[in-house]
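Colleague: I should be grateful for a close look at a single part of this model, namely the helix that packs into its main nonpolar core. Please set out what surrounds that part, and then how the remaining loops and the end of the chain are placed.

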Amino acid sequence: MNFSKKNHKHKIINMNNVSKKVILSLAIMATMGLVSCKNETKQETETTTEVSKAMANAEVSFGVRGNCGMCKSTIEKAAKKVEGVANAVWDVEKKKIDVAFDDTKTDAMSIHNAIAASGYDTDKVLGSEDAYKGLPACCQYDHDMPLNQ
Ligand SMILES: [Cu+2]
């Protein structure tokens, strides 16, 4: 009987250790998340320009609202997902995107719509409210932010 009680105590102690470790790693992950939100991913511009999965014969530039490097990657990913888009580069300071695309496969409005569906306002289409609510808090940009600065 004594023996089994001891075992039980041991188990509780182990559980405490595990939950401490879990809490610690959650805290570390949260801190890393905050850091990546604040850090602009400026170097990303160079690496994304060389990607060209589609032939581009047309270009369009328009305003897109957003805050940070994470917004940049969400916005650019949304634009590049559109079939026919060869490249998309969003400028965090100017609140503007430059998109190169094949006009036999897509058009400017489809790109506006794809970006809006990811939660971001363009100068023609307002961002999806549901997607906006799902963005990290630091990415929930001000809807009155001026475009094409
Ligand atoms: Cu952001």
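Modeller: The account below begins with the whole chain, turns to the helix in question, and ends with the loop and tail residues.

The model is a predicted one. The protein contains 5 helices and 3 strands, and along the sequence these follow the pattern α-α-β-α-β-β-α-α. Of its 149 residues, 25% count as buried. Among contacts between residues at least 6 apart in sequence, 66% join residues at least 24 apart.

The helix you ask about is α4, residues 108-117. The largest nonpolar core has 20 residues, and those with the most contacts inside it are I75, A79, V85, I97, V99, I111 and I115. At least two residues of this core come from each of α3 (69-81), β2 (85-91), β3 (96-101) and α4. The greatest contribution is that of α3, with 5 residues. As a general point, nonpolar side chains in soluble globular proteins tend to be buried together.

Within α4, the buried residues are I111, H112, A114, I115 and A116. The elements that cover them include β1 (58-63), α3, β2 and β3. In general, an α-helix has 3.6 residues a turn, so residues three or four places apart point the same way. I111 illustrates the surroundings of this helix: leaving out residues up to four places away in sequence, I111 touches V60, A79, V82, V85, V99, F101 and T106. After α4 comes G119, which has a positive phi near 110°.

The packing of α4 against α3 can be described in some detail. The axes of α3 and α4 come within 8 Å and cross at roughly 135°. The two helices are therefore oblique to each other, since an angle between 115 and 145 degrees is neither roughly perpendicular nor roughly antiparallel. The crossing of α3 and α4 is right-handed. On the α3 side the contact is made by I75, A78, A79 and K81, and on the α4 side by I111, A114, I115 and A117. By class, this contact has 7 nonpolar residues, no polar residues and 1 charged residue. Three of the residues named in the contact on the α4 side, I111, A114 and I115, also appear in the list of buried residues of that helix. I75, A79, I111 and I115 take part in the helix contact, and they are also among the residues with the most contacts inside the core.

The strands β2 and β3, which both supply the core, are joined by a loop that holds two residues of interest. One of them is V92, found in the loop between β2 and β3. V92 is partly exposed, because 17 other C-beta atoms lie within 10 Å of its own. Its C-alpha atom is separated by 6.9 Å from that of K72, although the two are 20 residues apart along the chain. K72 falls within the range 69-81 of α3.

The other is K95, which also has its place in the loop between β2 and β3. K95 counts as buried, because it has 22 C-beta neighbours inside 10 Å and the cut-off for burial is 20 or more. K95 has a positive phi of about 55° although it is not a glycine.

From K95 the description leads to the end of the chain. K95 and M145 are 50 residues apart in sequence, and their C-alpha atoms are 8.8 Å apart in space. M145 lies in the segment after α5 (129-133). Apart from neighbours within four places in sequence, M145 is in contact with R65 and K95. M145 counts as partly exposed, because it has 13 C-beta neighbours inside 10 Å.

Two further residues belong to this final segment. Q140 is found in the segment after α5 and counts as partly exposed, because 14 C-beta neighbours lie inside 10 Å. Leaving aside residues up to four places away in sequence, Q140 touches Y132 and L135. Q140 and G66 are 74 residues apart in sequence, yet 7.7 Å apart in space, C-alpha to C-alpha. N148 also lies in the segment after α5. N148 is exposed, because 12 other C-beta atoms lie within 10 Å. Although not a glycine, N148 has a positive phi of about 50°.

How values were computed. Residues are numbered from 1 along each chain as its sequence is written. This is a predicted model: local features need pLDDT of at least 70, side-chain atom pairs count only at pLDDT 80 or more; totals for chains, interfaces and linings use all residues. A nonpolar core is a set of buried Ala, Val, Leu, Ile, Met, Phe, Trp, Tyr and Cys residues joined through C-beta atoms within 7 Å. Helices (H or I, at least four residues) and strands (E, at least two) are DSSP runs, numbered from the N terminus. Two residues are in contact if their C-beta atoms, placed from the backbone, lie within 7 Å. Axes are lines fitted to C-alpha atoms, for helices over the stretch in contact, and angles run from 0 to 180 degrees between N-to-C directions. Angles under 35 degrees count as roughly parallel, over 145 as roughly antiparallel, 65 to 115 as roughly perpendicular and the rest as oblique. A crossing is left-handed if the near helix is turned anticlockwise from the far one by less than a right angle, and right-handed if clockwise. Ala, Val, Leu, Ile, Met, Phe, Trp, Tyr, Cys and Pro count as nonpolar, Asp, Glu, Lys and Arg as charged, and the others, Gly among them, as polar.
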